[in-house]
Structure formats: C-alpha cells, structure tokens
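The following exercises are to be worked through with the sequence and the model at hand. Each task is followed by a solution in steps.

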Amino acid sequence: MTALPDKTDRKLGLVIDLDTCVGCHACVISCKGWNTENYGAPLSDQDAYGAAPSGTFLNRVHSYEVQPLATSDKVQPPAQLIHFPKSCLHCDDAPCVTVCPTGASYKRVEDGIVLVNESDCIGCGLCAWACPYGAREKDEAEGVMKKCTLCVDRIYNENLEEIDRVPTCVRTCPSGARHFGDLADPDSHVSRLTAERGGMDLMPEMGTRPVNKYLPPRPKDALPEIDVLAPYLAPVDDAPGGFLGWLDKTLEKL
Amino acid sequence: MPHKQPTLNLSPKVSDEVRKTTCYMCACRCGINVHMKGGKVAYIEGNRDHPVNKGVLCAKGSAGIMQHNAPARLRAPLKRVGPRGSGEFEEISWDEALDIATGWLAPIRRDNPEKLAFFTGRDQSQSFTSFWAQNFGTPNYAAHGGFCSVNMAAAGIYTMGGAFWEFGQPDWDHTKLFMLFGVAEDHDSNPIKMGIGKIKARGARVIGVNPIRTGYNAVADDWVGITPGTDGLFIMALIHCLMKAGKIDLDYLARFTNAPCLVNSDEKSPEYGLLLRDPDGKELVIDRNTGKPAPFDQKGVRPDLAATHRAAGVTHRPVMHLMAERYLSDDHAPEAVADRTGISAARIRAIASELARVAFDEAFELDHAWTDFRGEHHTKMTGRPVSFHAMRGISAHANGFQTCRALHVLQIILGTVEVPGGFRFKPPYPKPATAHPKPHCQATCNGPLDGPHLGFVQGPEDLALKPDGTAARIDKAFTWDNPMSAHGLMHMVISNAHAGDPYKIDTLFMYMANMAWNSSMNTRGVIDMLTDTDESGDYVIPRIIYSDAYSSEMVAYADLILPDTTYLERHDCISLLDRPICEADAAADAIRWPVVEPDRDVRGFQSVLCDLGARLDLPGFVTEAGDQKYADYADYIINHERRPGIGPLAGWRTGEQGLTAGRGAPNASQIDNYIENGGFFVEHIPKGANYYKPWNMAYQDWAVGMGLFDKPLPYLFSLYVEPMRRFQLAAEGHGDRQPPDHLRERIRRTMDPLPIWYDPSGDNRAEEYPITALTQRPMAMYHSWGSQNAWLRQLHGHNPLYLPPNLMRDNGLKDGDWATVTSPHGEITVPVLEMAALNPNTVWTWNAIGKRKGAWALDKDAPEATKGFLLNHLIHELLPPKGDGLRWANSDPITGQAAWFDLKVRIAKAAPQNQSKPVMKPIKSPVGQGPDNLAWKVGK
C-alpha cells in the first residue's frame, strides 16, 4: 500500500461548468489524441472497427436526464439534460494511491497531480476498484492503469507557448466550460469561480477530498409565465384609431 | 510503501513541425495545427489565431488523425466489373479512368449536354465545381443545399440579404438574449458553442426552441419543446404580441425596410400586390417632409410608414398596413396557436415580453459615427441586444421557407439585424437577392452554359423552363413546382432520372454524396433505381461516375470511381466566391494544403476536374493553344480570375505597389503566403463600418474596395417579398408565363409575399400516423464520416430511437425493447430508449449512425451495421399518392427543400430482435476491413 504526501504545495485541478457544457465530447477526443501520442503508453483501442469497439479514455462525458420535482408554480416542470464530463479528480485523499501495492500510483508533492508510474504498474486494477468515480481504466494493450495526468507533459512544457500550457481538454473546450488552475490559491481564477458559482465536490461523502470542482447548472425554465396584462405587452391598439392611429402618432415623435 | 516520485521530463518535444491547415471533419472549417513527427501526423489541435475557432476544436476535429488514416480510404481508381451493387471492382490506372470518363462525357457534350447530371454533396468548392459544370454546358448542376437548409438560406437572402451561419452571426460581445430555433448541433458548431459559452459567462439568457432538449437546448436557460413544424405559428404569435404592444422599432422599419413601400391595392390591376416604383425601377415611399412619393434612397427622404398614396386611380398602401392587417389578427394571438404549437399562451406572452424588454429597455449605444446611404450622418449606433439563430430544424419542412421568413421578419421588426447586440452579417453578405445571379439553363452543344446554374429568381420570367414549358433541369429546380429553388434539388435527381421525368439522362456524376444510403430519402427505393434495368437489360441510369475518399455505400453503385484524397492531403480554398469563413468584423478566407502526400494512388477531385476539363476541351480549362490550363487545383486557386483582379483567394494578390488584399492580379506565391500566415487570410472591417452594413456607406465603400461587389449596393430589407407576389399574379392568370393548372391553387396559397403558416401534416397522413419522427446529428459526429472513425464510433456506435415517457407507456415499452415504426411509406424495427426532455408527440434518433454491412471497412457485425438504423427508409422523396396520378415531391413548394422533418409515423411494440430492420445484404468491400486493435503513436 502506498503513502500519500503529507501535503502538496499546490492543488492543480479542473473546474468544470455544468451550466455551459453542451456535451460535445471535444475534451474526450482531444485528451485521447494528446495522451495517445504523449505521456506513457498510447491509449489503445480494441476491436477498433469491429462489433464491440472498446478503447482507453482518460476522460468521458456522461449525460444524465433530470426530472425536477413539481412545485406549486410549476406543476409539470420540463425534464433537463445535464452533460457530465468525468476524469480523475486528483483527490487530496486519493484512495487509488493508498491502495496501490507497488507504489506505481502516487500524488505529486509540488502540484498534487495523481499519476501512475507505468514502469512500476502491474495492472492489478486495485486502484480502479478503489476509485469511487470510475476514473481509472486499464489499457488492454499495455496492461497498465491509465488515468488523467492533468497533461503534466503540457502544463510545464517549455516547448509550448505559455498560453498553451494547460491541459488539452481545457485548451480545446469550445464552450469554455473547463477551467484549470491552482485550487489551493484562493485568489486563482478557478478558486474565485468556485466561490462565485457554488462549486461542488463530487460525492463528498466518500471522503476523498477531490481537488476538481463542478459548477452546478443555473436554475432553468425560470422565465415567469404571464397573462395578457403584462407591462411590456400592453396593447397600443386600444387607443383611438387603433394600431394605425398609434403608428401615426408615434411616427410624429420620431 | 512510502511516497516515491519519479523524475519526469516535463518538457518533452511536442513535434518536429506544426503545419497549419483547415479542418474538414465537418462544414465548420476551423483552423487546425497539425503536429508532425517523422513526417507523420501525430496530433491535431485548434489554431488559436484562426478567425473561426480561435484555438478550440471539437471532437471531430481532434479525431481527424483517425480519419486521415482510416482503413476505409479508397486506394486507386476503380472500374466496376460485377453488377451494380455487388461491390465487384478492379483497380485501374488514372489514365484508364480518365480515358473512360472522357469517352463517356465527350459525346454528351457534343450531342446534348443536359444528358450529364453533375451533383456534388458536401462540397466546399462549389464555385469551382459549378464553373466546371458551366463550362461543360449541362444545366444539371447543384450541390447538396436542396436537401439541407436551402429554406433558411433562400428565405434570408430574399428577406434581408443573408441568413445564419455562413451569412452571419449573433453579436456575441453584446447580445443579452439569444434565441435559437431547431438547431441541430453540427453546422457552425464551434462558433455557436463558443458564443453560448461567452454569453452565458456574462449571464445572458439563452432560449432554445426545439422538440428535443439536447446539446445547446440542454444548456438553454429556457427550453420550449415545440411541436415540430409549428415554429412559424409560434413566431407569428410573437410578432402579433410585439406589434399589438407597439414593441417594434418604427424608426428602423421606416429607414431600412420596405415597410413604407407602396403596394398596389387594386384587386383588378394586373399589378395588384406589386410595389410602386419610379421609372428607374426604384421603390417609392411617401416622404414625410413633403407628403409626396420619392425614391426610397433619395437624399434626405424620411419614409412614412402610415401614409397611403393614390396613383393613376389606384390606391397604394404601405407594406406596414398589410403587416398590421395580417399579424394583428386574432388568428395569430397566442391563444389561437397554443394547442397546435404545444406552447401555452402565457408562455408565448412571456417570451414576447422578454424579447420586448431586452430589445427596448436594454437598448444601448456605441460611440461609432456613421453615414447612411441617404447621406444622413449618425453620431452613435443604437444596439438592441436580442439575437437569433436557426438552421435545419425549422428549414426541413414543407412550410420551412415561410417559417424562416417569419423568423427573419421577427428579427427585423425588433430592429435587431445589423445593429450592436443583434444579428450581424459576415462579408460578402449582406447581399440582396437582386445582387445575386439569376438561374441559367440554356445548353448548347459543344458550348458552355449561358451563365451560372443557380440563382435567385425575381419572377416567372426567370424560371428554368424549356420553350415547351417543361423543366430544363433534371431536378426540376426553378419550375412551377418549386420556383425559388436556389440550391437545386439533389434529392430528386436519381428519382427523376430513373422516371425519365422531365427527361432521361446518360451519365450521373456525383461527388461526396452518399446517395445510396443516408443522403437519400427512400434509401431502398433509390438503390433499386440505381440498379434498375430496361427491357434490353441496360441500366435505366446508364452510367454513374462517383468520387469519394472513402468506401461509402454509394461506391458499390457506381461504374467508375475516382478516389479522392483525405483533407490533409489536398489543396482547397474556402473562398469568398463560395462559402467563406468571414466574421462579422472581417472578411476572411482559407486554404487546405497537402500537409502530407497521399500514400495511395488517389488524387484530389478538383485536380482531377482540371485534367478532365482539359481532356474535354472545356473553354475555362484549356489555353488558347488548347493545352491544359490549370495543372491542378492549386494552379487554379492561384491563377483563376472570376472577374479581372478577383480570384478564389482574396489575400496576398499582386497590386500595383506590392501585395494587396481583395482586388489584384494573381500572385504565384499566394499559397505560400497563406501557409506562412497559418492557412488563412483576414482583413478587418474599419470601426464605424462594421454595423448597419446594408446602409452604411463606409461599409459599402470598403466592400467595393475588397472586390465583394463592384459598386455600392444599399437596399431595403424585404418584409414583403415582391418576387413571390409575381408568382401569385401568374397563378391568378396574369402574364405570359403561366403555371400548369394543377399548381395554380398551391402557388396562390403558398407564395404569399408576407410570411404565412400552413400545415404539411395532412399530406403526410397525420391522422393515421400521428407521431413526428426526427433526426439530429450528434455534435461529435457528422454525416457518414464519423462511423468509420475508430475514436468517434466509440461515442456513438449505434442509435436507439428515443421516445417520450407517454409514448413508452402507451406502447408498453421499456428501455432496450424493440419497436416497429411505420410511416405511409415504409417500416423499420429498431431498439428504443426513453427520454423525458422531449416533446410528447415526437420520437427521434441520431442520423447517419447506421451503416450498410460491408461499407466503411467495418466488420459486418459492427453495431452500426446491426443495431444502427436510418429513418431514411421511412421517408419518400414523393408524398403519399393523392389519387390524381401526379408525382408530388416531399419538398417545400417554394424552394424544393427536402421536407425530412415532416415525417409522420406510428409505433408498436415488436418482439426482441438481433438486428434492426430492414436488414440489407452485405456489399463487398473494395478496401477490405480495418485492423483489430490500434495503439496509435507515431513518435517513439
């Protein structure tokens, strides 16, 4: 079993905005592309053109339908669809690390990123079993456990322009729903967003203390339904001369 | 075990080189950085400098590496050796392939050019392919707009000189209320996602109107789950509420639209319903300064919206009067449409009220001085921060044109088009219908056509009819059946050619159009037409040439295959002459270039046309000496001039003093200049010229300087579309060119110059088939190309039919059950899944996931080929027979747009199945099957 560091200097992570994620999977495939070509073994695909294609992904988007409860205002509130991207949350108390029998899984002291040292990994899968989020997958071709690296080979990479030193999922996200930064710094962009928007831990009851946060969707379908006497819709054609009379009068004022 | 941390190389080399080109994984045309390692494509990301995507990239774009390396790529020209549909081919050389093509096409051109039908599908080089067809001389050319979104495009151009997507965009920086209608999540995909993200970050409201709540509608603040096909009713109810409350921008309507133009109101006049014009043909308005008629664009004129005018004994009423008469009627009140639209009257009012509040109470001003076309100087620009977007959802109905018109009218009465915060055109738009070509169809043996094929008719005189009144075009575009078919009717080509109606053809030549599968209505029937033989055993459609990069279903049905390259192996231009990539603040165009050379015996289709054009001695493709004029497409892109100084690319042309933008002579290094700049060119519109474009002289002058047009073209928005009235007049018996009697009533009813709504469901037998069935394309996938992509197919490998809870319950269905779906035309049996965020009378599925066994290099047991299915089997290109012996197209009667979304079905529980039905027999793959496993790392 493997020890976690006592503390980390920073807590790098993602803040994912469920209010704007349109479920397009751009992050999923960008991640697949970068991490196939870069850190560790490529993310392989089995039966790639066959009956049951199944490959390794470090990030997946699931969609959940939500049926809000009826209220006195809204007897039949419409159902909603929430797109939910999910990858490793780089937990402070990462059970996937402590369960690792070889020390291959570890949490970095300087930034809190949880990684797998593939040369020490025996692919036993205990970490995947221990992770309550289902964020680890075994690569069937390489026989090692794969997980989000927070693009550790991008975020410090001096061969990239500074603006590109972010995880590839963040760089590619078309709707700007993914944010990257240091959640240990209360003044960071991600910490401020989390505070402003009520950012949440995923399944806090598991005691994993995830670093990544989710911004909840804003209330939906809140436009009040209104009757005929709405202030903005007061009819002008009740005036003498009706609509054309109003037209004449109003044109005079232009 | 104690904590131990290996030392990592945190700065690994990313790539040897970055090559910047343009994506082609969908029609969005984003800039991409292709990272190369050892001469191979290693990784693709978005180009931060690019005007379309500004660095972001969707799932398709990032999966381009799998597309480029797909096992389904064709490898060499193919000649059919078995019967059509068998998939039996032999590989041949390019010389042989081009000899065969020349041998078929040269006699057609010599004897009767109309015997060639040349239609291109998702072609992004239409200004080139149409140029080729025009030089060949056939009247039978179009791309895929007729089965896609021509209603939106044509309604926009006729109404205001442009529509959405390529034509314009919301003012994302200022808009506060964004309303989108029926948007599938594909076209303009990244810019819309970026825009939604941007405006939501500042707390703007998004209202989504769509029977299905996915994608953009899932993140909308308010979702309006409208009954399919009733958008026009809903929009006109909004117009009713806004007009009734006087929440319309009268100043804008008076200055910039034809609301003050004068309509002949004498029912007995042969010009009844036409606009009063001066001898120069300019629309007249009553000038409030003088009370007298004056040309609309005269200096200092203040058009009156209310005054009527009597001329030569005929009363003329302003369009505004007709608008009031039509839309203030209780027929358009929310209560009158609530049941049909499925939206409560209170909700319709709430939305109208919110539109009014934001447009008028949240109006703002920008300190941009500008001068309008009447010479009036304005110190500020008034913003109305309401914007709209719509695409195929409201288009692909038989009432789609009028519905799209209604949406444009709604934007215009709010005064929110081309103003800050509203909807803004992208150059070369705005461009009114009158500034576009008219259709041309006059074929001459061994000569070019008399002009461009496609265009915008202004009246019956512009229809593409032969002297005997029959259709000049195989697709019957620009006929009385669908007079304003600005994009042609690709979905009717095979059906009409097979029926010999209006005539037989010899060769069908297609590019990137999977007509034997998901791009056709009535897939099974189309396959039968492609393989049908006459009494002598010859194919009814004698010859078929097809170009595609991949082993699509269509390949098996062609006689000669010209294999295209992948998008990373080719030259292309995304041209201002065509479907450019401009922004509201800039003109822009882009190229593709071969970032890798093909490793197969394939050639870019456009380069092949340069070669074939020369072999056929086409005027635009040979030099005066008779030699091949353009060595390849790149040569054409650089050296072709459409007008003097105007070529396919606007950037880095040769000016009198060095390189210049817009107008200029060809520059031999132009493509290199593009490559150096990241694959694109952008020229910004000066501040003060970038709003009010149709009327802003600074913009008009800038556009002339750029070569977008040759003289300033200020014009009025057409709330009232006069050309439509001209067709009605003909139907009422006026004029020499008369419609056939069986179409008179329909033309009179549908070609109304003010937006109307009519119900197409009766034609689709909604009484017996009460449920609407729709398709959407997933954001992560786009038409056929996704299914063979090893990464994307893991996201959407098969497609259930989604049913709302009430329909699941009524039919005793639960998730994973199978249901038979029946339309007036056919039947399919498919797996179902419940979805609550769905209109209660609508079912839907993802489009084009289902694949034919043997196609796309997929295993015959691939889920796409077993569980995946197409709704196309349920949709016929013709309406159910009406008993009158006529073939009525399942299309919009104005534009001919394919009415995909008018499909009506009924549903019944079926026994569990192993495969979706119909099961079609496998076709033999000309490329074999893909490998089992992938571990794709090119760098070591």
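## Exercise 1: Helices packed on a sheet

Task: In this predicted model, state which strands helix α3 (residues 94-111) of chain B lies across, and give its angle to β25(B).

Solution. Helix α3(B) lies across β6, β23, β24 (543-548) and β25 (560-563) of chain B. The helix runs at about 120° to β25(B). A further helix, α15(B), lies across β6, β7 and β23 of chain B. The angle between α15(B) and β6(B) is about 150°.

## Exercise 2: The seven-stranded sheet

Task: Determine the strand order of the open sheet of seven strands in chain B, and identify the strands that stand at its edges.

Solution. Step one is the order, which reads β5-β4-β25-β24-β23-β6-β7 (chain B). The pairing in this sheet is mixed. Step two concerns the edges: β5 (89-91) and β7 of chain B each have a single partner strand, so one side of each is left without a neighbour in the sheet.

Step three examines the partners of β6(B). With β23 (residues 507-511) of chain B, β6(B) pairs in the parallel sense over five bridges. Within that pairing, Phe509(B) of β23(B) is the bridge partner of Phe118(B). With β7 (residues 141-142) of chain B, β6(B) also runs parallel, joined by two bridges. Here Phe118(B) stands opposite Tyr141(B), and Phe119(B) stands opposite Ala142(B).

Step four follows the chain from β6(B) to β7(B). Together with helix α4 (residues 126-136) of chain B, these two strands make a β-α-β unit, and the unit is right-handed.

## Exercise 3: The environment of β6(B)

Task: Establish how many of the five residues of strand β6 (residues 116-120) of chain B are buried, and assign the residues to the two sides of the strand.

Solution. A residue counts as buried if 20 or more other C-beta atoms lie within 10 Å of its own. By this criterion five of the five residues of β6(B) are buried, so the strand is largely enclosed by the rest of the structure. In a regular strand the side chains alternate between the two faces of the sheet. On one side of β6(B) are Leu116(B), Phe118(B) and Thr120(B), and on the other are Ala117(B) and Phe119(B). Both faces are covered.

## Exercise 4: The four-stranded sheet

Task: Describe the order, edges and twist of the open sheet of four strands in chain B.

Solution. The strands follow the order β11-β10-β9-β21 (chain B), and their pairing is parallel. At the edges stand β11 (222-224) and β21 (386-390) of chain B; each has a single partner strand, so one side of each lacks a neighbour in the sheet. On average, neighbouring strands of this sheet are turned by 15° against each other, direction ignored. The pairing of β10 (residues 205-209) of chain B with β11(B) is parallel and extends over three bridges. In β11(B), Val224(B) is the bridge partner of Val209(B).

## Exercise 5: Backbone geometry

Task: Locate the cis peptide bonds between Pro427(B) and Pro428(B) and between Tyr429(B) and Pro430(B), then examine the positive phi values of Cys151(A) and Met512(B).

Solution. For the bond joining Pro427(B) and Pro428(B), omega is about 5°; for the bond joining Tyr429(B) and Pro430(B), omega is about 10°. Pro428(B) is placed in the loop between β22 (423-425) and α15 (490-499) of chain B, and Pro430(B) also lies in the loop between β22 and α15 of chain B.

Cys151(A) has phi near 50°, a positive value in a residue other than glycine. This cysteine is in the loop between β9 (144-146) and α4 (152-155) of chain A, and is buried, with 26 other C-beta atoms within 10 Å. Phi of Met512(B) is likewise near 50°. Met512(B) is found in the loop between β23 and α16 (523-531) of chain B and is buried, with 26 other C-beta atoms within 10 Å.

## Exercise 6: Core and interface

Task: Name the residues with the most contacts inside the largest nonpolar core, and characterise the side of chain A that touches chain B.

Solution. The largest nonpolar core has 381 residues, and Leu238(B), Leu242(B) and Leu355(B) have the most contacts inside it. Helix α8 (residues 231-244) of chain B gives the most to this core, with 10 residues.

At the interface, 82 residues of chain A are in contact with 95 residues of chain B. The largest share of the chain A side, nine residues, comes from α1(A). The residues of that side divide into 42 nonpolar, 23 polar and 17 charged.

Definitions and conventions:
Residues numbered from 1 in each chain as written. Chains lettered and ligands numbered in written order. Predicted model: local features only at pLDDT ≥ 70, side-chain atom pairs only at ≥ 80, totals over all residues. Buried ≥ 20, exposed ≤ 12 C-beta atoms within 10 Å, placed from the backbone. Pairing = 2+ DSSP bridges. Right-handed = clockwise from strand over helix to strand, strands pointing away. Contact = placed C-beta atoms within 7 Å. Nonpolar A, V, L, I, M, F, W, Y, C, P; charged D, E, K, R; others polar. Core = buried A, V, L, I, M, F, W, Y, C linked by C-beta atoms within 7 Å. Axes fitted to C-alpha atoms, helices over the stretch in contact; angles between N-to-C directions.
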